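The exercises below are meant to be worked with the sequence and the structure side by side. Try each task before reading the solution that follows it.

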Amino acid sequence: MATGKLMQWPSWLMGLVIGSWILRILIAWLLPPGFDEAYYFLYTQHWDWSYFDHPVMVALTTALGPWLTGYISPLTIRLGALILYGLSTGLLYLSGRQLFGEKVGMGAVAIASLCPLFIFSFGLLAAPDNALIFWWSVTMYVAVLEFFPVKGPYQPTAKIALIGLLLGLVCLSKYHGFVLGLSLVGFCLTSTRHRQALVSVWTLAALGLFSLALLPLVYWNLHHDWLSFGFHLSTRFDGDATGPQFNLLNMVGVWLVGIAYLFPALGFPLWWAIGRHLWHVPNGDLRHRFILWLGLPIAAGFTLLGGFTRIYPAWPAPGLWSLSLLLAVTMAGWSFQTVRRWLVSSALVIATLLVFALGHVALGTLQRPGGVVEVVAPETDPTTTMIDVVQLRRRLQEGRVGDAIAAANFLVTNEFWLSGYVDMAISPLTSSPVMAFTQDPRGHAVWFQPKDWLGYSGLFLSIADDDQSEIRATYAPYFERFDLLASVDTQRARSTTETFYLYDVGQLIKPYDYPY
């Protein structure tokens, strides 16, 4: 966006944007990595064309920070998210400005800077959604330029071919891209002005480029029995013998949870704006119809799916990202004072809540004992499940523990996500791989063939959440021995939040059998 245009923005809006950036960086620095983030770090240790859970883009975005800095920490694995979110927000602004004018573009930036659902899903945590929303936003902007030319009637152009390539890159981020492609086709089918795009020679080129972009995903699945597609299309949505049952209350609950993550002062107006434009598109305006087609299939589709099965708030978020332009359109008709009071007050409340929550998660301000206000004990506090990998790294470097890790050929854990935390902690110390012996191994079943490690010496790590006698009974038969080497604690506010048990297991004597 041009510097001159930027300088014309109201000072309070610039404050929202800059404040949002500062808060995101602070959270990225202080918030310990979540389970999924630790697991996605493993992708960066096992490069491939695609992965069991997701396509390749999440590996690239998670690896960006460690590549640039040479250091592994919560902030560096989230650096790709921070950078891409700025670019995605800029593209959302450009789409809004191109379609509806400067005020709508600015409104879209304000919404993107405030909504916690957008910030955490797309702009903060290491996740497939970082690249997803970036390529989604690029696709949306190019589609805006293609379907809504500034001058003259619509005629198909080479941008359609580019859209095909971009849709492939969206799919290499997350499978939402297939729905986005169908949404664009749906828009063209329902617009007499744009149907000609579907029979254009450029559409054939788009299909070719789309297929070319998908080759890494198809190649990997072809060589791994279509594991990724099976995981997403079958395993996650298995029903009982009677088939999936729809529950209206569950769907409403999913919708309300989504509004809570959006922040109610933004979530309710957003859905109201969606409903208003869905009920009555002004004068049959194709611009509004275009935005509805881009966002509603994902946003409404996953909300409806919540009546059948469990869904995550991030799943409908890409659709809501596009639909936020409709809220920005609505805002453009309000008075300047109303918009300013609404957004600034929302920003203050959101920032206060996030800083308060961050203070406890990172510093234990509500922890009993050790907190400023002693409320919750570490053993009953769910926030302690996020492991401080930098602190764990320091503990694992000390004394004979560090020597044992340096001498081990491999390390093993009993959970796929725990192996991610351990790998983040030990990667600067050793190049030895970290495996997971579990019946839910995810990518480990692809990355490792346990029989290849027979005769090699290793270490086994588990955490105090697991019954150690059960751990020993389950895993001792696979190893030469199973002797406790040391226990290592991580702490917050001078209290132990997690205990790691490190076992010297000698050589692997029996291969572990993965379920797939």
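## Exercise 1: The sheet

In strand β3, valine 412 has phenylalanine 460 as its bridge partner. The model is a predicted one. Starting from this pair, work out which strands pair here, and in which sense.

Solution. Strand β1 covers residues 410-413 and strand β3 covers residues 457-463, and the two pair in the parallel sense over four bridges. In the next step, the pair is placed within its sheet, which is open, has five strands in the order β2-β1-β3-β5-β4, and shows mixed pairing. Because β2 (434-436) and β4 each have a single partner strand, they stand at the edges, and one side of each is left without a neighbour in the sheet. On average, and with direction ignored, neighbouring strands of this sheet are turned by 25° against each other.

The last step adds the helices. Helix α21 (residues 399-407) packs on the sheet and touches β3, β4 and β5, its direction making about 115° with that of β4. Helix α22 (residues 416-426) also packs on the sheet, touching β1, β2, β3 and β5, and its direction makes about 170° with that of β2.

## Exercise 2: The nonpolar cores

Find which residues have the most contacts inside the largest nonpolar core, and which helix gives the most to this core.

Solution. The largest nonpolar core has 103 residues, and those with the most contacts inside it are Phe147, Phe290, Leu320 and Leu343. Helix α9 (residues 128-147) gives the most to this core, contributing 13 residues. Taking phenylalanine 147 as an example, and leaving aside residues up to four places away in sequence, one finds that it touches Tyr154, Leu184, Phe187, Cys188, His194, Ala197 and Phe290. A second core, separate from this one, has 59 residues and includes Val58, Ala408, Val422 and Phe460. In soluble globular proteins, nonpolar side chains tend to be buried together.

## Exercise 3: The salt bridges

Of the eight salt bridges found in a search of the whole structure, examine those of arginine 481 with glutamate 480 and with aspartate 504, and then that of arginine 442 with aspartate 440. Decide whether arginine 442 is buried or exposed.

Solution. Arginine 481 meets glutamate 480 in a salt bridge at 3.5 Å, N to O, and forms another with aspartate 504, where the closest N and O atoms are 3.3 Å apart. The pair of arginine 481 and aspartate 504 links distant parts of the chain, 23 residues apart, since arginine 481 lies in the loop between α24 (468-475) and β4 (483-492), and aspartate 504 in strand β5 (residues 495-507). Arginine 481 counts as partly exposed at 33% relative accessibility, as does aspartate 504 at 23%.

Arginine 442 and aspartate 440 form a salt bridge with their closest N and O atoms 2.8 Å apart. Because buried means under 20% relative accessible area, arginine 442, at 16%, counts as buried, whereas aspartate 440, at 31%, counts as partly exposed.

## Exercise 4: One side of a helix

List the buried residues of helix α13 (residues 215-222), and work out where they lie around the axis.

Solution. The buried residues of α13 are Pro216, Leu217, Trp220 and Asn221. Because they cover an arc of only 125° around the axis, they are on the same side of α13. An α-helix has 3.6 residues a turn, so residues three or four places apart point the same way.

Methods. Residues are numbered from 1 along each chain as its sequence is written. This is a predicted model: local features need pLDDT of at least 70, side-chain atom pairs count only at pLDDT 80 or more; totals for chains, interfaces and linings use all residues. Side-chain values use heavy atoms; hydrogens and water are left out. A nonpolar core is a set of buried Ala, Val, Leu, Ile, Met, Phe, Trp, Tyr and Cys residues joined through side-chain atoms within 4.5 Å. Buried means under 20% relative accessible area, exposed over 50%, partly exposed in between (1.4 Å probe, protein chains only). Contact means heavy atoms within 4.5 Å. A salt bridge is a side-chain nitrogen of Lys or Arg within 4 Å of a carboxyl oxygen of Asp or Glu. Two strands pair if DSSP finds at least two bridges between them. Axes are lines fitted to C-alpha atoms, for helices over the stretch in contact, and angles run from 0 to 180 degrees between N-to-C directions. The arc is that of the directions from the helix axis to the C-beta atoms.
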